[in-house]
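Please open the model in your viewer, with side chains available as sticks, and follow the stops below in order.

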Amino acid sequence: MDNTTLIQSLNKELELELPEKIPFEEIKKELSSIINNLIQSDFQRLVFLLYRIDVNETKLKELLKEHPEENAGNIITELI
């Protein structure tokens, strides 16, 4: 998936407004920030969005358990 397709998918599925031309690392940084915000402010919406984009719940729980010191937003971003 190229950056443009990824950005369009993220904007649609996660109701974001990422610019069409943005480096991949910037996409990850922005998405991680949004996820961390949802963890703090609207966890139900985060769960809904992860379900909607089909993030593997077992894999997510496993990774969070294996890396408790790592930023959860970064882990979730990598899975997305």
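Start by selecting serine 32, which has its place in helix H2. Keep in mind throughout that this is a predicted model. Is this serine buried or exposed? Serine 32 has a relative accessible area of 5%, and because that is under the 20% cut-off it counts as buried. If you now display its surroundings and leave aside the neighbours within four places in sequence, the residues in contact with serine 32 are Asn71, Gly73, Asn74 and Thr77.

**The nonpolar core**

Next, select Leu10 and Ile27, the residues with the most contacts inside the largest nonpolar core, a set of 19 residues. Helix H1 (3-13), H2, H3, helix H4 (57-66) and helix H5 (72-79) each supply at least two residues of this core, and the largest share, four residues, comes from H2. As general background, nonpolar side chains in soluble globular proteins tend to be buried together.

Stay on isoleucine 27 and show its contacts: beyond the neighbours within four places in sequence, isoleucine 27 is in contact with Asn3, Leu6, Ile7, Leu10, Leu18 and Ile22.

From there, move to isoleucine 22, which lies in the loop between H1 and H2. Isoleucine 22 has a relative accessibility of 12% and therefore counts as buried. Not counting residues up to four places away in sequence, isoleucine 22 touches Asn3, Ile7 and Ile27. A distance label between the C-alpha atoms of isoleucine 22 and asparagine 3 should read 7.7 Å, although the two are 19 residues apart in sequence.

**The enclosed cavity**

Now turn to empty space inside the model. How many cavities of 30 Å³ or more are there? The count comes to one cavity, and its volume is about 60 Å³. To find this cavity, select its lining, which consists of Leu14, Leu16, Leu31, Ile34, Ile35, Leu38, Leu46, Leu49, Leu50 and Ile80. The elements that give two or more residues to this lining are helix H2 (24-41) and helix H3 (43-52), and H2 provides the largest share, with four residues. Colouring the lining by class will show 10 nonpolar residues, with no polar and no charged ones.

**Two pockets**

For the open spaces, begin with the largest pocket, whose volume is about 300 Å³. Select Phe43, Val47, Leu50, Glu57 and Leu60, which lie nearest its centre among the 13 residues that line this pocket. H3, H4 and H5 each supply at least two of the lining residues, and H3 gives the most, with five. By class, the lining of the largest pocket has 11 nonpolar, no polar and two charged residues.

Then go to the second largest pocket, which has a volume of about 170 Å³. Its lining is made up of 10 residues, and those nearest the centre are Leu6, Ser9, Leu10, Ile53 and Ile80. Here H1 gives the most, with four residues, and the lining divides into seven nonpolar, one polar and two charged residues.

**The salt bridges**

The last stops concern charged side chains, among which the count comes to four salt bridges. Select glutamate 13 and arginine 52, whose side chains meet in a salt bridge at 3.1 Å, N to O. Glutamate 13 belongs to helix H1 and arginine 52 to helix H3, so this pair ties together parts that are 39 residues apart in sequence. Glutamate 13 is partly exposed at 23% relative accessibility, and arginine 52 is also partly exposed, with a relative accessible area of 36%.

Continue with glutamate 78 and lysine 28, which form a salt bridge with the closest N and O atoms 2.9 Å apart. Since glutamate 78 lies in helix H5 and lysine 28 in helix H2, the pair ties together parts that are 50 residues apart in sequence. Glutamate 78 counts as exposed at 51% relative accessibility, whereas lysine 28 is partly exposed, with a relative accessible area of 23%.

Finish with glutamate 57 and lysine 61, where the closest N and O atoms of the salt bridge are 3.1 Å apart. These two residues are four residues apart in helix H4, and are therefore separated by about one helical turn; both glutamate 57 and lysine 61 are exposed. As a closing selection, show Glu25, Lys28 and Glu78 together, since salt bridges that share partners join them into one network.

Terms used. Residues are numbered from 1 along each chain as its sequence is written. This is a predicted model: local features need pLDDT of at least 70, side-chain atom pairs count only at pLDDT 80 or more; totals for chains, interfaces and linings use all residues. Side-chain values use heavy atoms; hydrogens and water are left out. On a 1 Å grid over the protein atoms alone, a cavity is a set of points where a 1.4 Å probe fits but cannot get out, and a pocket is an open set with protein on both sides within 12 Å along at least five of seven lines; lining residues have an atom within 4 Å of a point. Grid points are joined across faces, edges and corners, and a volume is the space filled by probe spheres set on the points. Ala, Val, Leu, Ile, Met, Phe, Trp, Tyr, Cys and Pro count as nonpolar, Asp, Glu, Lys and Arg as charged, and the others, Gly among them, as polar. A nonpolar core is a set of buried Ala, Val, Leu, Ile, Met, Phe, Trp, Tyr and Cys residues joined through side-chain atoms within 4.5 Å. Buried means under 20% relative accessible area, exposed over 50%, partly exposed in between (1.4 Å probe, protein chains only). Contact means heavy atoms within 4.5 Å.
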